[in-house]
Every structure is written in structure tokens, then in C-alpha cells.
Amino acid sequence: MISIKAEDKKLQKKIDALVYSQIPFAVSQGLSNAVQKTRDNELKHAYSGTFDKRNEQFFKLTHSVARASISHTKRTGVAIAAIKRADAPKVNGTVGGTTRRKVDTSFMEKHVTGGTRKALRTKKAIPLTQGRTPVLPIKRSRKTGKVSKAKQAKTLYPQDRTYMIGSKGGNSILMVRTGKDTVKAAYTFANSVDNTAKYNPTNMVLRGVTRRMKTETQAALVSALRTSRLMI
């Protein structure tokens with residue numbers, strides 16, 4: 001609770017007006033900061049506990065923070081902030097959180113809702129992360145979250161050092177010779193991939209934002225008042 005009192009009634013009115021004028025800024029900043037800190041703490045912890053987080057940038061691309069627009073808050077009286085995929089459309093009432101880079105993180109939705117991802121063409125190439133056969137390390141770009149071009153299935157497939165095992169009708173695996181006596185598994189090819197809902201960030205974000213909202217809003221309001229001028 002923030003309280004500013006003055007004995008002079010005219011001065012008190014000016015103080016009240018000043019505080020009132022800074023509320024849209026404080027609420028916008030408070031909400032944005034609460035969302036940001038929740039993303040960087042509770043959400044990151046839950047994500048790391050569910051997935052093998054080998055790429056920090058990919059986490060940020062799939063959990064991009066769109067901050068509340070102060071002008072929208074002033075105009076409508078409603079502050080909106082969001083955690084979204086960086087390649088998803090802009091959320092009305094927010095600023096930032098969207099990238100112009102060509103990235104595709106849409107498959108992450110199926111880890112939240114569950115469902116089947118079907119191949120766009122013949123079969124879907126799925127990078128292997130573990131198995132009886134040693135697997136080929138497949139890295140993703142820090143800027144886009146995409147698999148590096150050298151390790152993409154379409155790049156490896158036509159090379160002389162690769163071959164397929166498995167049936168044409170069912171699942172098959174792309175094998176890569178990495179040495180004279182060394183072979184590693186790179187991708188499995190399937191008609192579709194079934195994802196079980198195993199990651200639900202919604203409740204976690206709501207709890208984190210609710211817990212931080214009051215403190216962050218008060219801090220933003222105090223910061224705004226410190227830099228404001230009171231005309232007497």
C-alpha cells in the first residue's frame with residue numbers, strides 16, 4: 001500500500017492527480033515485469049524438468065515475452081502482457097515478443113495440448129536423442145532454434161555415408177557413418193508423431209504473476225513518481 005498525504009488540500013489534489021496519471025504506466029510495467037520474472041523462474045524450471053533444455057535461445061523463442069503497451073493501457077484501462085511463440089502473431093495491446101526471423105516452433109503446442117503431428121510430405125523426420133545405437137549429436141541454431149543445415153535430414157539423406165534401415169511402409173532410421181568403424185543413428189522417419197500432453201504452463205504463469213503483481217506494480221509506481229515533476 002502506497003500512501004502520500006499533504007496537509008494542504010490543493011497540494012493533495014495535485015499529488016493525487018500525479019499518482020493517478022502514473023497508474024497506467026505502473027500497471028503496464030508491473031504486469032510486464034511479473035510476466036518476465038515468472039518466465040525466467042517458474043516456467044524455465046518446469047520446462048527444464050520436462051524437456052532436455054540444450055538450447056537457451058530455443059526456450060526464449062517458444063516463450064517470448066510480449067510486454068504490455070502503456071498507450072493501450074491508457075486508452076482502454078486494461079493492461080495486456082503475454083508469453084507466446086516468437087513466430088506467432090502479435091497479441092493486441094502488447095509490444096515486442098515477435099521476431100522477423102523465419103522460425104517454426106509450432107510443434108511445441110502439441111506438448112501442451114497433446115495430439116498427432118502428421119508428416120507434410122511422405123514421412124516426418126524426427127531427430128533421435130537416445131537409443132541402443134549411439135545417436136548423432138544434432139544441434140539447433142541459437143538464433144532460430146532450427147537444426148543446423150549440416151545436420152538436417154534433407155542434407156544428410158543423399159550423402160554417401162548415410163543409409164536407411166527399417167521398412168518403407170513403417171518407421172525407418174537414417175544411419176550416418178562417422179568413422180571407419182563408427183555408425184550413429186540420426187533420424188527416425190514416421191508417418192506421424194503422437195505427443196502426450198506433458199507440459200502445462202498456464203497455471204504456473206497465473207500463480208507466478210499473481211504472486212508478483214502487487215510488488216512489481218508498487219515498485220514501478222514508486223520509480224515513476226521519483227522521476228515525475230509536481231507542478232505547484
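## Tyr-47 and its aromatic partners

Tyr-47 has a relative accessibility of 4% in this predicted model, and because that value falls under the 20% limit, Tyr-47 counts as buried. Tyr-199 is likewise buried, with a relative accessible area of 5%.

A search of the whole structure returns 2 aromatic pairs. In the pair formed by Tyr-47 and Tyr-199, the ring centres lie 5.8 Å apart and the planes meet at 80 degrees, so the arrangement is edge-to-face, the angle being over the 60 degrees that this class requires. The pair joins distant parts of the chain, since Tyr-47 belongs to helix H1 (residues 9-50) while Tyr-199 sits in the loop between strand S9 (192-195) and helix H6 (202-226), 152 residues apart. Tyr-47 and Tyr-199 also form one aromatic cluster together with Phe-59.

## Helix H6

Helix H6 comprises 25 residues and spans 35 Å from its first C-alpha to its last, which is close to the 36 Å expected at 1.5 Å a residue. H6 nevertheless carries a bend of about 45 degrees, located at Met-213.

The buried residues of H6 are Val-205, Gly-208, Val-209, Arg-212, Glu-216, Thr-217, Ala-220, Leu-221, Ala-224 and Leu-225; charged side chains are thus represented in this list by Arg-212 and Glu-216.

## Glu-216 and its surroundings

Glu-216 lies in helix H6 and has a relative accessibility of 11%, so that this residue, too, counts as buried. The side chain of Glu-216 makes a polar contact with the side chain of Lys-37, at a distance of 2.7 Å.

When neighbours within four places in sequence are left aside, the residues in contact with Glu-216 are Gly-30, Asn-33, Ala-34 and Lys-37. Lys-37 therefore appears both among these contacts and as the polar partner of Glu-216, where the pair of atoms falls within the 3.5 Å limit for a polar contact.

## The chain as a whole

The secondary structure of the protein chain amounts to 6 helices and 9 strands, and 35% of its 232 residues count as buried. Among contacts with a separation of 6 or more, 61% involve residues 24 or more positions apart. The protein chain exposes about 15100 Å², of which carbon and sulfur atoms supply 52%.

Methods:
Residues numbered from 1 in each chain as written. Predicted model: local features only at pLDDT ≥ 70, side-chain atom pairs only at ≥ 80, totals over all residues. Heavy atoms only, no water. Helix = DSSP H or I, 4+ residues; strand = E, 2+ residues; numbered from the N terminus. Buried < 20%, exposed > 50% of the residue type's maximum accessible area, 1.4 Å probe, protein only. Contact = heavy atoms within 4.5 Å. Areas by Shrake-Rupley, 256 points an atom, 1.4 Å probe, with all protein chains shown as cover. Phe/Tyr/Trp six-rings, centres within 6.5 Å; stacked < 30°, edge-to-face > 60°. Polar contact = N/O pair within 3.5 Å; in protein donor to acceptor, adjacent residues only side chain to side chain. Expected span 1.5 Å × (residues − 1). Bend = angle between axes of the 7 residues up to and from the residue.
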